[in-house]
Amino acid sequence: MVTLSLRTGIRWKLSIAIAAVSTLVAIVISLVVHNAARVSMLDGSRDVQVERITHARYYYEKFNQPFAKSRVNDPALPKALRKAVEKGHLATYLQYNGDGMPVVWAAVPLPNGDVLSNHDVAENRAADLADLDRTLVIGSVSVLLGGCAVGVFVGGKLSGRLRRAATAAGKITDGDTGVRVRDAIGGRVRDETDDLARAVDAMADALQQRLEAERRVTADIAHELRTPVTGLLTAAELLPPGRPTELVRDRAQAMRTLVEDVLEVARLDSATERAELQEVALGEFVTRRVKAFAPEATVRVLRDANAHTDPRRLERILGNLLANAARHGRPPVVVTIDGRVLRVRDHGPGFPVKLLADGPSRFRTGRDDRAGLGHGLGLTIATGQARVLGARLTFRNAAPQPGSDGEGTEPRTDGGAIAVLWLPESAPTDTGSIPIINPAGRGRA
């Protein structure tokens, strides 16, 4: 089942949250103000009608005739108001007709038992209420826009700090131990982002200390084993010829190679290795090395190029990739040169899923059926040497396609492992970009 997710930034999430809260608050306040103003306006209309009916009663008692709009025993007088007046009280009544503001009635009993009443539609109050509603709408929209602006500003500041923290954490992951997240985010205000940055820095320091301790232990053990293993290999050369002697020499040589690889991994982990750069013609260089390492492999030069790199380390990477293809893959092995991009492909079962997901790991081949076929150091060393060169080494498996292997340059196959080395355009000390292969006729990695 595929789960779709929408990625949004904190800036917009915060803006939407502030806008929603501002809208809710504006609506609530507008309703409260509208209702309070309506009640106040209707109470004012009642007071006006009470004043008018009081004056009309005085006029009627003095001149025995209604005043202005007042009526005696008006047939349109609401029944509820008539019942209230019959009890001998001056009363008011709001008559709603469903078309805007109500009709405000006021009535008072006369000495002879008649009812004197007056009524009027609160039209002027309706106009005032409409003006108030327009003002409330304008104010609510202003609050909403202001809240969104504040959310974008505050969210942008927070998002920027978090992005800088993520970038710094990525540099730490890539091995730049001199980077500190707290220094990267900057700012004078102490907030949760600073606490997170300090926690990440503390975690990075602790992990660095543990890794350094492990590296030292590994290097010390390998260094201490180096001398006795060399002596063992020398002693094996003195044994009389025979099958047992060959087995001893083979195992001693394998142990020596393992010790040398462990020492190389320890040096690469220390991040003190530096490349000795030279101008190298990749087509000629790779062709000669492949013939020396794997004569049965095929070299294809799609586009030649010169690279400013360390030949010794590039040779080490190429040798390890070819050895891995010979040990774990199946022929044919094809090495492709496309500018500053080198591919090494075999036609075996492909790289293990764990290796593709997590990358090479020492002493782990990633496949159960490869027990005894290596220690997982070859690709680890190749990746470390690529890092020293400022290059990038990626791994993927080829998917079979009718009539092609997915690269467009080789005959149909049934899959295989592809290792791609991307050499930088500039020196490793620079942040040179990674060359991109022309998608029109080239494979991608």
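# A guided tour from helix α4 to the nonpolar cores

Begin by selecting I185, which is placed in helix α4, residues 181-185. The model on the screen is a predicted one. I185 has a relative accessibility of 3% and therefore counts as buried, the limit being under 20%. Display its surroundings next. Apart from neighbours within four places in sequence, I185 is in contact with R161, R164, A165, T193, D194 and A197. Now add A168 to the selection: its C-alpha atom is 8.6 Å from that of I185, although 17 residues separate the two in sequence.

From I185, proceed to L162. The two C-alpha atoms are 7.3 Å apart, and the two residues are 23 positions apart along the chain. L162 is found in helix α3, which covers residues 123-173. Is L162 buried or exposed, or does it fall in between? With 26% relative accessibility, L162 counts as partly exposed, because that class lies between the limits of 20% and 50%. Beyond its neighbours within four places in sequence, L162 is in contact with I10, T193 and L196. T193 therefore deserves to be highlighted, as it appears among the contacts of both I185 and L162.

The next stop is helix α1. Select residues 10-63 to show this helix, which packs on a sheet and touches β1, β2, β3 and β4 (115-121). The direction of α1 makes about 145° with that of β4. α1 consists of 54 residues. From its first C-alpha to its last it reaches 78 Å, close to the 80 Å expected at 1.5 Å a residue. Directly after α1 comes N64, whose phi is positive, near 60°.

Colour the sheet itself now. In which order do its four strands lie? The order is β1-β4-β3-β2; the sheet is open and its pairing is antiparallel. At the edges are β1 (71-72) and β2 (91-95), each of which pairs on one side only. To examine one pairing, select β2 together with β3, residues 103-109: these strands run antiparallel and are joined by five bridges. One residue to pick out is T92, whose bridge partner in β3 is A106.

Turn next to the largest nonpolar core, which has 32 residues. Select V286, L314, L321, L322, F395 and L421, the members that touch the most other members. Which elements each supply at least two residues of this core? They are α7 (282-293), α8 (311-328), β8, β9 (341-345), α10 (377-388), β10 (392-398) and β11 (416-422). Helix α8 gives the most, with six residues. In soluble globular proteins, nonpolar side chains tend to be buried together.

Within this core, centre the view on V286. Leaving out neighbours within four places in sequence, V286 is in contact with L318, V335, I337 and L342. Apart from this core lies another one, of eight residues, including L81, V85, A91 and V103.

For the last residue, select D338 in strand β8, residues 334-338. D338 has a relative accessible area of 1% and is therefore buried, the limit being under 20%. Show R303 as well: a polar contact of 3.2 Å joins its side chain to that of D338.

Finally, zoom out to the whole chain. It contains 10 helices and 11 strands. How many of its 445 residues, as a percentage, count as buried? The share is 36%. Among contacts with a separation of 6 or more, 64% are between residues 24 or more positions apart.

Note on methods. Residues numbered from 1 in each chain as written. Predicted model: local features only at pLDDT ≥ 70, side-chain atom pairs only at ≥ 80, totals over all residues. Heavy atoms only, no water. Buried < 20%, exposed > 50% of the residue type's maximum accessible area, 1.4 Å probe, protein only. Contact = heavy atoms within 4.5 Å. Polar contact = N/O pair within 3.5 Å; in protein donor to acceptor, adjacent residues only side chain to side chain. Core = buried A, V, L, I, M, F, W, Y, C linked by side-chain atoms within 4.5 Å. Pairing = 2+ DSSP bridges. Axes fitted to C-alpha atoms, helices over the stretch in contact; angles between N-to-C directions. Expected span 1.5 Å × (residues − 1).
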